[in-house]
Amino acid sequence: MRTSRFFLSTLKEAPSDAEIISHQLMLRAGMIKRLAGGIYTWMPIGLRVMRKVEKIVREEMDRSGAIELSMPAVQPAELWQESGRWDKYGPELLRCKDRHQRDFVIGPTHEEVITDVVRKEVKSYRQLPLHFYQVQVKFRDEIRPRFGIMRGREFLMKDGYSFHSSFADLQREYRNMFDTYTRIFTRLGLKFRAVAADTGSIGGTGSHEFHVLAESGEDALAYCPDSGFAANVELAEALAPSEPRAAASAALERVATPGRTRCEDVAALLALPLTRTVKAIAIVLTSATGASGQFALILLRGDHNLNEIKAQKTVGDFRFARDDEIQTALGCQPGYIGPLGVGALPVFADRSVAVMSDFVCGANEAGFHLVGVNFGRDLAEPAIIADLRNVIAGDPSPDGEGRLELCRGIEVGHIFQLRTKYAEALKCSFLDEGGHSRIMEMGCYGIGVTRIVGAAIEQGHDERGIVFPAAIAPFEVCIVPMGYAKSDAVKAAADALYAELTGAGIDVLLDDRNERPGVMFAEMELIGVPHRVVVGDRGLAQGKLEYKGRLDAESQMLPVAEVGQFLKGRLCAG
Ligand code: ATP
Ligand code: MG
């Protein structure tokens with residue numbers, strides 16, 4: 001490609017609303033243009049990167065034995081009513097009506113459509129297993145679209161769905177996909193980690209997420225370097241402390257803590273470690289059945305944080321209580337609430353709280369806390385003890401070996417064993433060897449193609465711009481001539497190198513714009529081209545061209561005749 005025939009549109013400054021570096025750099029490099037919240041146009045330079053990601057994903061999916069098809073973005077509501085997700089999916093599902101007032105959705109995912117295809121096509125065990133995949137635009141009306149294309153509303157996903165006659169065969173394909181995803185992210189040149197994951201609203205049993213490791217990642221991951229354990233913090237179990245509760249040794253006392261509403265502030269005032277404090281979180285149960293509307297307390301150690309997914313599993317659906325509800329239930333403003341004197345209110349205690357003695361908690365009186373509090377003596381033993389918190393660094397690994405460390409990641413892939421959830425709802429069955437009708441086992445496997453582009457930049461950048469892995473850079477090599485329009489020798493050498501590299505299948509950008517060298521260099525660095533060759537009269541006089549890798553501190557002079565071979569070697573090395 002020649003710059004004169006391409007479209008580059010870079011910016012010196014990032015727009016102020018771009019919060020994270022990948023979003024800033026994508027805007028500055030002219031890769032994307034915002035149309036509406038979470039909806040972007042992929043400009044030519046961005047599209048090249050997206051297509052390269054897509055190509056690697058497609059090659060590895062084909063190699064894995066999956067078969068590509070393409071399903072519609074617009075889907076009839078009836079299918080979603082049949083699966084039960086018309087009611088369950090919530091406002092992330094974009095719904096619309098056609099001219100006949102029939103309901104449709106813009107697909108956020110395609111379990112329903114693919115299951116409909118398979119239930120109509122597949123009758124016999126002989127046709128199984130099957131794995132269909134597509135690379136297709138999804139729409140999710142995300143509550144908070146942000147970070148550019150990282151959490152967009154419209155985005156490109158590779159979604160695959162497999163169908164099996166037995167659970168064992170689903171597990172085989174699940175492992176096949178685990179290995180395929182590992183190959184994909186390795187080929188993309190990304191640092192990543194696969195972690196056990198919660199199955200969320202999609203449901204099913206086994207599930208792993210693939211995360212690109214980056215400080216700005218939305219997900220916290222827990223892993224154990226000794227045992228190899230790795231899980232999303234949403235899921236990672238906090239084991240019950242092994243040491244028993246110490247005997248009560250302090251007297252119960254009420255102390256004034258004016259203006260100290262956080263455990264940190266109370267601990268500082270009383271000169272006690274944060275680990276001696278207990279925080280009470282007021283919730284209202286909202287499950288459709290049972291105790292809906294019931295006010296309740298969750299108790300956590302002061303240095304721990306609530307894990308809402310774990311809490312939901314223990315207490316059922318809930319929301320946080322409003323200030324006025326706390327006032328009504330406990331006669332006290334938030335910040336000073338605690339588990340003493342709360343009568344018959346349900347109290348859920350985290351495992352770590354259950355072994356505490358002589359602890360500090362709110363007195364249910366504004367401006368006061370209690371110290372020297374002990375279960376069994378000052379208040380009843382907690383009725384319900386469960387794992388309700390996020391693990392923290394240093395916690396024992398749930399598999400019993402070593403200690404956990406934490407890091408952050410960007411979820412770029414997710415594989416699920418769906419089992420029969422959708423097949424059952426949509427009556428997707430087959431005749432087994434004995435002629436009996438059975439429900440199919442299903443797996444589903446997603447990769448966020450557009451999110452990968454952002455994640456790669458989040459992981460690869462410096463003060464000059466994007467540092468793309470060569471596998472997905474918009475161009476592998478740029479040729480920057482000094483005076484393309486002025487010097488015949490420069491033009492001839494640049495054109496010859498361009499022809500040679502292009503002929504060798506290398507993706508080259510020849511910058512033939514006659515801009516100032518500084519402008520061309522800065523732009524090529526900003527858009528993340530990994531290899532640069534400068535063609536100038538001075539070098540040519542010695543039969544040389546100047547080469548510089550995107551991360552090299554110094555450039556090097558190479559004989560003209562060797563540059564092509566040198567670059568081929570570099571690109572093969574990755
Ligand atoms: P998240 O927890 O980030 O919302 P998810 O669990 O909803 O993701 P899946 O339904 O498993 O995601 O979708 C498969 C992949 O699609 C994800 O791993 C992610 O890479 C990508 N993806 C999901 N939502 C978005 C989005 N709003 N913008 C861009 N990519 C997305
Ligand atoms: Mg989501």
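Here are some worked exercises on the predicted model above.

**Exercise 1: Get your bearings**

Find how many helices and strands the protein chain has, and what share of its residues is buried.

Solution.
- Start with the secondary structure: you should count 16 helices and 31 strands in the protein chain.
- Next, the overall dimensions. Along its principal axes, the C-alpha trace spans about 95 × 70 × 50 Å.
- Now burial: of the 574 residues in the protein chain, 51% are buried.
- Last, look at the contacts with a separation of 6 or more. Residues 24 or more positions apart account for 70% of them.

**Exercise 2: Two helices, H13 and H16**

Work out how helix H13 sits against helix H16: is the pair parallel, perpendicular or oblique?

Solution.
- What do you need to look up? Two packed helices are described by the angle between their axes and the distance between the axes.
- For H13 (residues 488-503) and H16 (residues 563-572), the angle is about 40° and the axes are 10 Å apart.
- That angle makes H13 oblique to H16.
- As for handedness, the crossing of H13 past H16 is right-handed.
- Now pick out the residues. From H13 come Leu497, Glu500 and Leu501, and they meet Val563, Gly564, Gln565, Leu567 and Lys568 of H16.
- Sort that contact by class and you get four nonpolar, two polar and two charged residues.

**Exercise 3: The two sides of H16**

Staying with H16, say which of its residues are buried and what they pack against.

Solution.
- The buried set in H16 is Val563, Gly564, Leu567 and Leu571.
- Look down the helix axis: these buried residues fall within an arc of 100°, so they line one face of H16.
- Turn to the other side of H16 and you find Gln565 and Cys572 exposed.
- What do the buried residues pack against? Helix H13 is one of the partners. The others are strands: S27 (477-481), S29 (531-535), S30 (544-549) and S31 (556-559).

**Exercise 4: A second pair, H2 and H12**

Do the same job for helices H2 and H12: find the angle, the handedness and the residues that meet.

Solution.
- H2 covers residues 44-64 and H12 covers residues 449-459; they pack at an angle of about 115°, with axes 9 Å apart.
- So H2 is roughly perpendicular to H12.
- The crossing of H2 past H12 is right-handed.
- On the H2 side, the contact uses Val49, Met50, Val53 and Glu54; on the H12 side, Val449, Thr450, Ile452 and Val453.
- By class, this contact of H2 with H12 has six nonpolar residues, one polar and one charged.

**Exercise 5: The face of H9**

Find the buried residues of helix H9 and what covers them.

Solution.
- Within H9 (residues 323-330), Glu325, Ile326 and Leu330 are buried.
- Seen down the axis of H9, they fall within an arc of 105°, so they line one face of the helix.
- Their cover includes strands S14 (278-285), S15 (295-301) and S16 (318-320).
- Then step off the end of the helix: Gly331 follows H9 and has a positive phi, near 65°.

**Exercise 6: Backbone oddities**

Check the backbone at Pro129, Ala271 and Arg419: where does each one lie?

Solution.
- Pro129 is in the loop between helix H5 (111-121) and strand S7 (130-139). Leu128 and Pro129 are joined by a cis peptide bond, with omega about 0°.
- Ala271 sits in the loop between helix H7 (263-270) and S14. Its phi is positive, about 55°, although Ala271 is not a glycine. Ala271 is exposed, at 69% relative accessible area.
- Arg419 belongs to strand S21 (residues 405-419). Here, too, phi is positive in a residue other than glycine, near 60°. With 25% relative accessibility, Arg419 is partly exposed.

**Exercise 7: Leu8**

Decide whether Leu8 is buried or exposed, and list what it touches.

Solution.
- Locate Leu8 in the segment before helix H1 (21-28).
- Its relative accessible area is 17%, and buried means under 20%, so Leu8 counts as buried.
- Leave out residues up to four places away in sequence, and Leu8 touches Thr3, Ile45, Arg513, Glu523, Met524 and Ile527.
- For a distance check, take Lys544: Leu8 and Lys544 are 536 residues apart in sequence and 29 Å apart in space, C-alpha to C-alpha.

Notes: Residues are numbered from 1 along each chain as its sequence is written. Chains are lettered from A and ligands numbered from 1 in the order in which they are written. This is a predicted model: local features need pLDDT of at least 70, side-chain atom pairs count only at pLDDT 80 or more; totals for chains, interfaces and linings use all residues. Side-chain values use heavy atoms; hydrogens and water are left out. Buried means under 20% relative accessible area, exposed over 50%, partly exposed in between (1.4 Å probe, protein chains only). Helices (H or I, at least four residues) and strands (E, at least two) are DSSP runs, numbered from the N terminus. The arc is that of the directions from the helix axis to the C-beta atoms. Contact means heavy atoms within 4.5 Å. Axes are lines fitted to C-alpha atoms, for helices over the stretch in contact, and angles run from 0 to 180 degrees between N-to-C directions. Angles under 35 degrees count as roughly parallel, over 145 as roughly antiparallel, 65 to 115 as roughly perpendicular and the rest as oblique. A crossing is left-handed if the near helix is turned anticlockwise from the far one by less than a right angle, and right-handed if clockwise. Ala, Val, Leu, Ile, Met, Phe, Trp, Tyr, Cys and Pro count as nonpolar, Asp, Glu, Lys and Arg as charged, and the others, Gly among them, as polar.
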